[in-house]
Amino acid sequence: MHNWVENLLEVQRIDIRMAKLQAQFDSVPGDKAAAEELRRSDEQRLAAAREAVLTFEKELKTIELDVEALKSKKAGIQSKSAMIKNNEEYRAAMHQIEQYDHQVSQIEDRELEVMDRIEKARADLAECQRVLDVTKRRVAEVQGDLDKRLAASRDALAEMAKIRQPALAAVEAQAAQRYERLRASGRSRNGQAVLVPVRDGVCGRCRMNVTAQLRMNALKGMPVTCQNCGAMLYSED
Ligand SMILES: [Zn+2]
């Protein structure tokens, strides 16, 4: 293998490693946002559960006031009824009292239902709180890991950049320029190689046939470009 090829392959190894590190670095904000989103949705669930408890408690309060009102009306009639001399009026008063009792017993049935709902809503609230606590701990862990990932990939990238400079300087100038141009053209996106071997007569990048003439030139160590994908080709022999 020609000298420039070996040297440039070393640069490319560094670049591929750097692309991976960069991808790790770039993925941190998205992963952080996803973790945040988990916490936020559990917080929303907790808020809804709290709201449900409050709603049922308000309903219970209203029921209790209604019962009190009916009971005080009943007491009013009871105290007046002692004074009634007329039979018909007395019966009417007794009938009214019965009606109040009936209404109270209906409302009290409803009261039991609402108390039952409050109990369930409170249990749900406690469960939501428990889930949120677990999520918060997990999210904090994940955020910590992500901060570490961010710092580690940033440091590693800085280290690799230091190594890259002399590695590139060691490459024959024209080859280095071609390689840099190719990288700038976006062909190395996602850390894809742009310097590839011709193997079994095909380009190592796009797998299309390479002409015999180009293969020969590659063997001689000349600058050869794949006519299909534009990769820099070299011969492994
Ligand atoms: Zn190709």
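Two strands pair if DSSP finds at least two bridges between them. The exercises below apply this criterion and others to a predicted model.

**Exercise 1. Determine how strand E1 (residues 195-199) is joined to E4, and which residue of E4 stands opposite Val 198.**

Solution. Step one: count the bridges. Four bridges join E1 to E4, and the criterion asks for at least two. Step two: establish the direction. E1 and E4 run parallel. Step three: locate the partner of Val 198. In E4, Ser 235 stands opposite Val 198.

**Exercise 2. Characterise the connection between E1 and E2.**

Solution. Step one: two bridges join E1 to E2, and these strands run antiparallel. Step two: Arg 199 has Val 202 of E2 opposite to it. Step three: examine the turn. E1 and E2 form a hairpin with two residues between them, and Asp 200 in this turn has a positive phi of about 50°.

**Exercise 3. Give the strand order of the sheet, identify its edges and describe the helix that packs on it.**

Solution. Step one: the four strands form an open sheet in the order E2-E1-E4-E3, with mixed pairing. Step two: strand E2 (202-203) and strand E3 (224-225) are the edge strands, as each pairs on one side only. Step three: helix H4 (residues 212-219) packs on the sheet and touches E1, E3 and strand E4 (232-235). The direction of H4 makes about 70° with that of E4.

**Exercise 4. Decide whether E1 is largely enclosed or largely open, and whether Gln 177 is buried or exposed.**

Solution. Step one: a residue is buried if 20 or more other C-beta atoms lie within 10 Å of its own, and exposed if 12 or fewer do. Step two: four of the five residues of E1 are buried, so E1 is largely enclosed by the rest of the structure. Step three: Gln 177, which lies in helix H3 (residues 173-184), has 11 C-beta neighbours inside 10 Å and therefore counts as exposed. Step four: the C-alpha atom of Gln 177 is separated by 51 Å from that of Lys 136, 41 residues apart along the chain.

**Exercise 5. Describe the packing of helix H1 (residues 3-81) and helix H2 (residues 87-169).**

Solution. Step one: the angle between H1 and H2 is about 165°, and their axes are 5 Å apart. Step two: angles over 145 degrees count as roughly antiparallel, and H1 and H2 are therefore roughly antiparallel to each other. Step three: the crossing of H1 past H2 is left-handed. Step four: the residues of this contact divide into 42 nonpolar, ten polar and 26 charged.

Key
Residues are numbered from 1 along each chain as its sequence is written. This is a predicted model: local features need pLDDT of at least 70, side-chain atom pairs count only at pLDDT 80 or more; totals for chains, interfaces and linings use all residues. Axes are lines fitted to C-alpha atoms, for helices over the stretch in contact, and angles run from 0 to 180 degrees between N-to-C directions. Angles under 35 degrees count as roughly parallel, over 145 as roughly antiparallel, 65 to 115 as roughly perpendicular and the rest as oblique. A crossing is left-handed if the near helix is turned anticlockwise from the far one by less than a right angle, and right-handed if clockwise. Ala, Val, Leu, Ile, Met, Phe, Trp, Tyr, Cys and Pro count as nonpolar, Asp, Glu, Lys and Arg as charged, and the others, Gly among them, as polar. Two residues are in contact if their C-beta atoms, placed from the backbone, lie within 7 Å.
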